[in-house]
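Welcome! Below are some short exercises, each with a worked solution. Have a look at the structure, try each task yourself, and then read on.

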Amino acid sequence: MSDMTRTLPKIRARGRSFLALVLYPEAPLADWLHSLEQQMAHSSDFFAGKPVILNLEMIEETTENLSSLYQDVQDKGLVIISIEGGDPTWPALSEWTWPTILSGGRTTDPIELPDPQAAEKTPPPPSCLVIEEPVRSGQSITFPSGDIVIVGSVASGAEISAGGSIHIYGSLRGRAIAGMNGQSDARIFTSMLYAELLAINGFYITAEDINPEFLGKNTQTRLIGNSLTIEILKKRV
């Protein structure tokens with residue numbers, strides 16, 4: 001078939017827009033690069049896959065370390081698609097791979113980057129969970145990060161599990177599991193002991209194993225060796 005009669009394919013085109021981050025390096029560049037590295041370490045998902053435009057309007061021709069800035073930014077895994085400001089004739093920029101200058105883009109409002117220092121100041125999670133009501137039958141409360149304090153009773157059929165110790169200011173008629181993450185020095189305190197099960201760091205005793213002399217008493221249970229030991233706590237005035 002000749003070129004005169006052959007039907008040529010239709011060229012299809014569609015616009016597509018991308019969000020590019022415009023970075024504004026400033027002197028001293030060593031400090032700016034260090035700050036950029038910290039920012040990326042605390043918010044890697046924010047920078048991942050986003051094209052970058054370097055804006056050099058805050059940089060002078062004689063700025064120290066300017067010649068290596070392009071490569072330094074690329075070495076951090078950022079893709080530079082364009083450069084704004086500056087002058088390609090500057091000696092420090094002579095070795096740069098100068099991308100095509102983009103035009104026609106619309107500048108958005110400044111983007112609020114996550115504050116790495118704020119992330120470092122985030123308070124640690126609480127090490128104690130306080131429950132200020134009775135725990136009903138069928139309820140299960142688990143807090144692997146620390147102690148559990150219950151101001152009230154734990155009904156039969158309820159279960160309390162803690163990474164640390166368990167403090168019950170009321171009767172314990174359900175199951176109490178302390179030291180669930182391997183904390184052998186965890187303890188179980190209760191104002192009145194009627195437990196269905198007591199466990200610390202994987203070692204346990206059931207209601208049938210509890211000496212009747214401890215029932216209804218203010219007690220602490222702790223792990224000594226491979227055995228749980230129950231002790232009556234005397235009230236102190």
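The exercises that follow deal with salt bridges and paired strands in this predicted model.

**Exercise 1.** Find out which side chain meets Arg175 at 3.0 Å, N to O, and work out what parts of the chain this pair ties together.

*Solution.*
Step 1. The partner is Glu159: its side chain and that of Arg175 form a salt bridge, 3.0 Å from N to O.
Step 2. Now place both residues: Arg175 belongs to strand β9 (residues 175–178), while Glu159 belongs to strand β7 (residues 159–162), so the salt bridge ties together parts that are 16 residues apart in sequence.

**Exercise 2.** Arg175 also meets the side chain of Glu196 in a salt bridge. Where does Glu196 lie, and how many residues apart are the two?

*Solution.*
Step 1. In this salt bridge the N to O distance is 3.4 Å between Arg175 and Glu196.
Step 2. Glu196 sits in the loop between β10 (187–193) and β11 (197–200), and Arg175 in strand β9, so the pair links distant parts of the chain, 21 residues apart.

**Exercise 3.** Decide whether Arg175 and Glu196 are buried, partly exposed or exposed.

*Solution.*
Step 1. Recall the cut-offs: buried is under 20% relative accessible area and exposed is over 50%, with partly exposed in between.
Step 2. Arg175 has a relative accessibility of 27%, so this residue counts as partly exposed.
Step 3. Glu196 has a relative accessible area of 27%, so Glu196 is partly exposed.

**Exercise 4.** Describe the salt bridge of Arg222 and say which residues are joined into one network by salt bridges that share partners.

*Solution.*
Step 1. The side chain of Arg222 meets that of Glu231 in a salt bridge, 2.6 Å from N to O.
Step 2. Arg222 is partly exposed, at 25% relative accessible area, and Glu231 is partly exposed at 22%.
Step 3. Through shared partners, salt bridges join Glu159, Arg175 and Glu196 into one network.

**Exercise 5.** Follow strand β13 (residues 219–224) and find out which strands pair with it.

*Solution.*
Step 1. With β10, strand β13 pairs in the antiparallel sense over four bridges. Here Gln220 in β13 stands opposite Phe189.
Step 2. With strand β14 (residues 227–232), β13 also pairs in the antiparallel sense, over six bridges. Thr221 has Ile230 in β14 as its bridge partner.
Step 3. The hairpin of β13 and β14 has two residues between the strands, and Gly225 in this hairpin takes a positive phi near 65 degrees.

Definitions and conventions:
Residues numbered from 1 in each chain as written. Predicted model: local features only at pLDDT ≥ 70, side-chain atom pairs only at ≥ 80, totals over all residues. Heavy atoms only, no water. Salt bridge = Lys/Arg side-chain N within 4 Å of Asp/Glu carboxyl O. Buried < 20%, exposed > 50% of the residue type's maximum accessible area, 1.4 Å probe, protein only. Pairing = 2+ DSSP bridges.
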